[in-house]
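Below is a colleague's note, written to be read with the sequence and the coordinates open side by side. Please go through the points in order and look up each contact as it comes.

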Amino acid sequence: MTYSPEENLTEDNASVNDPAPEAVVETPTAEAPTPEAATPETSATEEAPATLDDLDLSELEEPAAEGTYGPKVADLLREIEGLKGQLDDRTGQHMRLTADFENFRRRTAKEREELELRIRCDTIRELLSVIDNFERARSFIKPQTDGELNLHKSYQGIYRQLVDSLKRLGVVKMRPEGQEFDPNLHEAVMREPSNEHPEGTVLEQLQDGYLLGDRVLRHAMVKVAAPGEPVVASEDNDQAASES
């Protein structure tokens, strides 16, 4: 193969004008992941359907026959109904026990109050006779000397202290004079005819009665008015006197 001088000249000029090509350094590049190297999460995300319409229901297993689950469901329903019945029974028992306990608590509290009041009344009744003796002594004893007067004042001081203690406990002495006779409070031991007071009026208290709140510690022994003798008219008296 022959070259003409013009072609050689042209090639020389091109070699002079064009610089020498630089050496290309190849850098290692990361290899693209193979389909086998993909992670399970990535594959699962890529394979998951976007909507429910994308599900392939044809791959699902056919439902079991009705005879397979029917008895089990029925047994479970019967068990649930039984448990509901037991729950209702236990709830009713709990409510009844709660009501019974509340009634028992109230009843025992009332019985305790009644017992305390009864014991207090019995104790005070035993002291009433002591008060009666003090009052009898005050009415019968008439001190004559200074010594007797000092003795009288000493035991009367004890009497007043006892009376004040009973008042602090709530004991009240009855004042039935002039009131209508009440068998719940009074005990009639005498009847006296009277034209000045209506029948059944308390004329005198022979023994003091006492109250503790609304409970009678001791009935008052009283004298009650009875119907008086009929009064003769004055004209009849004058006529009888003239005839005589």
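The numbered points that follow deal with aromatic pairs, salt bridges and strand pairing in turn.

1. The model under review is a predicted one, in which side-chain atom pairs count only at pLDDT 80 or more. The contacts discussed below should be read on that basis.

2. How many aromatic pairs does a search of the whole structure find? The search finds 2 of them. In one, the ring centres of Phe 134 and Tyr 159 are 5.9 Å apart and the planes stand at 45 degrees, so this pair is tilted. Phe 134 belongs to helix H3, which covers residues 66-140, whereas Tyr 159 belongs to helix H4, which covers residues 146-168, so the pair ties together parts that are 25 residues apart in sequence. Ring pairs also bring in Tyr 155, linking Phe 134, Tyr 155 and Tyr 159 into a cluster.

3. Are the two rings of the tilted pair, Phe 134 and Tyr 159, buried or exposed? Phe 134 has a relative accessibility of 18%, and because buried means under 20% relative accessible area, Phe 134 counts as buried. Tyr 159 is likewise buried, its relative accessibility being 7%.

4. Gln 156 deserves a look alongside this cluster. Gln 156 lies in helix H4 and is buried, with a relative accessible area of 5%. When its neighbours within four places in sequence are left aside, Gln 156 is in contact with Phe 134 and Arg 138. Phe 134 therefore appears both in the tilted ring pair with Tyr 159 and among the contacts of Gln 156.

5. The structure holds 11 salt bridges, and a few of them are taken up here. Arg 218 forms one with Asp 132, the closest N and O atoms being 2.7 Å apart. Since Arg 218 lies in strand S5 and Asp 132 in helix H3, this salt bridge ties together parts that are 86 residues apart in sequence. Both charged residues fall in the buried class, Arg 218 with a relative accessible area of 17% and Asp 132 at 8% relative accessibility.

6. Another salt bridge joins Glu 135 to Lys 173, with the closest N and O atoms 3.3 Å apart. Glu 135 is located in helix H3 and Lys 173 in strand S1, so the parts tied together are 38 residues apart in sequence. Here the two ends belong to separate accessibility classes: Glu 135 counts as buried at 17%, whereas Lys 173 is partly exposed, with a relative accessible area of 27%.

7. Glu 199 and Arg 191 also form a salt bridge, the closest N and O atoms being 3.7 Å apart. Glu 199 counts as exposed at 55% relative accessibility, and Arg 191 is exposed as well, with a relative accessible area of 55%. A network of salt bridges links Glu 102, Arg 105 and Arg 106.

8. Which strand order does the open sheet with antiparallel pairing have? The order of its 3 strands is S1-S4-S5. Strand S1 (171-173) and strand S5 (215-218) stand at the edges with a single partner strand each, so one side of each is left without a neighbour in the sheet. Neighbouring strands of this sheet are turned against each other by 35 degrees on average, direction ignored. S1 pairs with strand S4 (residues 210-212) in the antiparallel sense over 3 bridges, and the bridge partner of Val 172 in S4 is Leu 211. The two edge strands are also where salt-bridge residues named above are found, with Lys 173 in S1 and Arg 218 in S5.

9. An open sheet with mixed pairing has 3 strands in the order S2-S6-S3. At its edges stand strand S2 (186-194) and strand S3 (202-207), each with a single partner strand, so each has one side without a neighbour in the sheet. The twist from one strand to the next averages 30 degrees. S3 and strand S6 (residues 220-227) pair in the antiparallel sense over 4 bridges, and Gln 207 stands opposite Met 221 in S6.

Technical notes
Residues are numbered from 1 along each chain as its sequence is written. This is a predicted model: local features need pLDDT of at least 70, side-chain atom pairs count only at pLDDT 80 or more; totals for chains, interfaces and linings use all residues. Side-chain values use heavy atoms; hydrogens and water are left out. Rings of Phe, Tyr and Trp (its six-membered ring) pair if their centres lie within 6.5 Å; planes under 30 degrees apart count as stacked, over 60 as edge-to-face and the rest as tilted. Buried means under 20% relative accessible area, exposed over 50%, partly exposed in between (1.4 Å probe, protein chains only). Contact means heavy atoms within 4.5 Å. Two strands pair if DSSP finds at least two bridges between them. Axes are lines fitted to C-alpha atoms, for helices over the stretch in contact, and angles run from 0 to 180 degrees between N-to-C directions. A salt bridge is a side-chain nitrogen of Lys or Arg within 4 Å of a carboxyl oxygen of Asp or Glu.
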